[in-house]
Amino acid sequence: NGCKLVGCGSAVPKLQISNDDLAKIVDTNDEWISSRTGIRNRRVLSGNENLTTLAVEAARKALEMAKVDPDDIDLILMCTSTPDDLFGNGPKIQKELGINKSVLAYDITAACSGFILGLISAASHIRGSGFRNVLVIGADAISRFVDWTDRGSCILFGDGAGAVLVQACNPEEDGLFSFDLHSDGDGIRHLNATLKESEAGNAFDPNGSLLDFPPRRSAYSCIQMNGKEVFRFAIRKVPQSIESALSKAGLSVSSIDWLLLHQANERIIDGVANRLEVASEKVIKNLENYGNTSAASIPMALDEGVRSGKIKKGQTIASAGFGAGLTWGSAIFRW
Ligand code: ACO
């Protein structure tokens, strides 16, 4: 089997927070944030919005574009590190889409690399296990884990969701050309949101007695980030990964129409484009309005590019995700 992308969609929360708004919470200003990151606004969940609602809205738009009925989906891959349910958000998406037949739905946790991993998993399931219509959703509500008192990290993130429908096709129409994937667990010290140290122990002692009453409840810390190290890692590893994926596909940088990177920081995007010698007109950016939306950023920017008419059918896209783990990876695909 081949596989191809046949639809995309995205959704963002209602509440917009500008750099000036953030300057009322932490010691920062619009000039610093926009010149260091390229970000001016971000959307965050408020009131009773949740991640599932956003993901379902993005998924419905992708299905509508693909002209595929929810009941024709046989696999849902929910790429998120901030699920509404710790046990998995995928099955909830299945329910909210009104899919009553038996399908497989599960989560992929790989922070900002999540969507690229989802695409690769979709291709593997289609090629190896005969799935026909795979919904890949990248959705994150990083605002849930941001330390809103840390000006070094809270200015970067926003919430959102993006989705694509990957469909089985004839091998001649195959539109997912090649991938390249990595992780480096040593780098977890540079970017993480782990169990709080005070909560990391177990509830019972080895004799089976409860250590405290009421029993302790696990809780995760806010995002801990060494921005400079993450920046260096991205600039070094992402170009290598894209070159490796291109070479596996027998392509060169000159054969790509668009460079679509995880939207973390405009200086990272420009740095990678410079190293690869990709002209600035071929670089997709939308982080000015949304900040870093983690697993959602690539499908959100793809959707915006497609719906605005910038990205056209048949064009070749080199995409890369990178972030916590550390994880990073690239995919070369045709829209
Ligand atoms: N406003 C004003 N000043 C600030 C702010 C702020 N929001 N944040 C930091 N500063 C100050 C610092 O305190 C420092 O002051 P000092 O020189 O007096 O000590 C100065 O600005 C420079 O700070 P740096 O941290 O060196 O600034 P840098 O140029 O490295 O930019 C940034 C920081 C924007 C975080 C950058 O390092 C970056 O974007 N890194 C990548 C982070 C990233 O993409 N993370 C997400 C990965 S995806 C995922 O998986 C979740």
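**View 1. The pairing of L75 in the open sheet.** In strand β6, V134 is the bridge partner of L75. Strands β4 (residues 75–79) and β6 (residues 133–141) run parallel and are joined by five bridges; strands here are DSSP runs of E with at least two residues, helices are DSSP runs of H or I with at least four residues, and both are numbered from the N terminus. Two strands count as paired if DSSP finds at least two bridges between them. The model is predicted, with local features requiring pLDDT of at least 70 and side-chain atom pairs counting only at pLDDT 80 or more, whereas totals for chains, interfaces and linings use all residues. Residues are numbered from 1 along each chain as its sequence is written.

**View 2. The five-stranded sheet.** The open sheet has mixed pairing and follows the order β1-β7-β6-β4-β5. Its edge strands, β1 (2–11) and β5 (104–108), each pair on one side only. From one strand to the next, the twist averages 20 degrees, with axes fitted as lines to C-alpha atoms (for helices over the stretch in contact) and angles running from 0 to 180 degrees between N-to-C directions.

**View 3. Helix α5 against the sheet.** Helix α5 (residues 114–129) lies across β1, β4, β5, β6 and β7 (159–169), and runs at about 165 degrees to β6. Contact means that the C-beta atoms of two residues, placed from the backbone, lie within 7 Å.

**View 4. The setting within the chain.** The secondary structure of the protein chain comprises nine helices and 13 strands. Among contacts with a separation of 6 or more, 79% are between residues 24 or more positions apart.
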